[in-house]
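Please look over the sequence and the model shown here before reading on. The report that follows takes up the overall form first and then the aromatic side chains.

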Amino acid sequence: FGGHFTHTVLFLQSFRTAGWPIMSSGWQKLGSSYKNARAALKKEMPTLMKTRELLPKLKEEAQETFALLHEAQVKVTSLTKDFEAAQKKATQAQKMWKRIQEKGSA
């Protein structure tokens, strides 16, 4: 070991005494966490797969809904303009009728 044998032995003994218990505990926690995560994934996988299948369908429905909403907005705008024009004509007709009545009673 090129003259470092004593240092290597000292390091190994120190690590075995102080470092290994910490490392061992950390590895056990990591393994337990991984096992729990795998179990949760296995449990939730059917739901995730159904969601994955539904998303494209929902996207298509949302696009269709937005298209229908746009059409409705266009129709409402057109109907509003038609109503305003009819209202204006009705007001003009009322004024004309009033003038005719005034001339007839005079």
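## Secondary structure and overall form

Helices, of at least four residues, and strands, of at least two, are DSSP runs that are numbered from the N terminus. By that reckoning this model, which is a predicted one, has one helix and zero strands. The radius of gyration of the protein is 41 Å, well over the 13 Å that the globule rule gives for 106 residues, so the protein is more spread out than a compact globule. Taken along the principal axes, the box filled by the C-alpha atoms is roughly 130 × 30 × 25 Å.

Of the 106 residues, 1% count as buried. The accessible surface comes to about 10,300 Å², and carbon and sulfur atoms account for 65% of that area.

## Aromatic pairs

Two aromatic pairs are present in the structure. In one of them, F11 and F15 are stacked, with 6.1 Å from centre to centre and 20° between the planes. These two residues are four apart in helix α1 (residues 5-105), and therefore about one helical turn separates them. F11 is exposed, at 53% relative accessible area, whereas F15 is partly exposed, at 31%. Ring pairs join F11, F15 and W20 into a cluster.

## Nonpolar surface patch

F11, F15 and W20 also belong to a nonpolar surface patch of about 770 Å², which L12, M23, W27 and L30 help to make. Of these residues, M23 lies in helix α1 and counts as partly exposed, with a relative accessibility of 37%.

How values were computed
Residues numbered from 1 in each chain as written. Predicted model: local features only at pLDDT ≥ 70, side-chain atom pairs only at ≥ 80, totals over all residues. Heavy atoms only, no water. Phe/Tyr/Trp six-rings, centres within 6.5 Å; stacked < 30°, edge-to-face > 60°. Buried < 20%, exposed > 50% of the residue type's maximum accessible area, 1.4 Å probe, protein only. Patch = residues over 30% accessible without salt bridge, like charges linked within 9 Å, V, L, I, M, F, W, Y side chains within 5 Å. Areas by Shrake-Rupley, 256 points an atom, 1.4 Å probe, with all protein chains shown as cover. Salt bridge = Lys/Arg side-chain N within 4 Å of Asp/Glu carboxyl O. Rg over C-alpha atoms; globule rule 2.2 N^0.38 Å.
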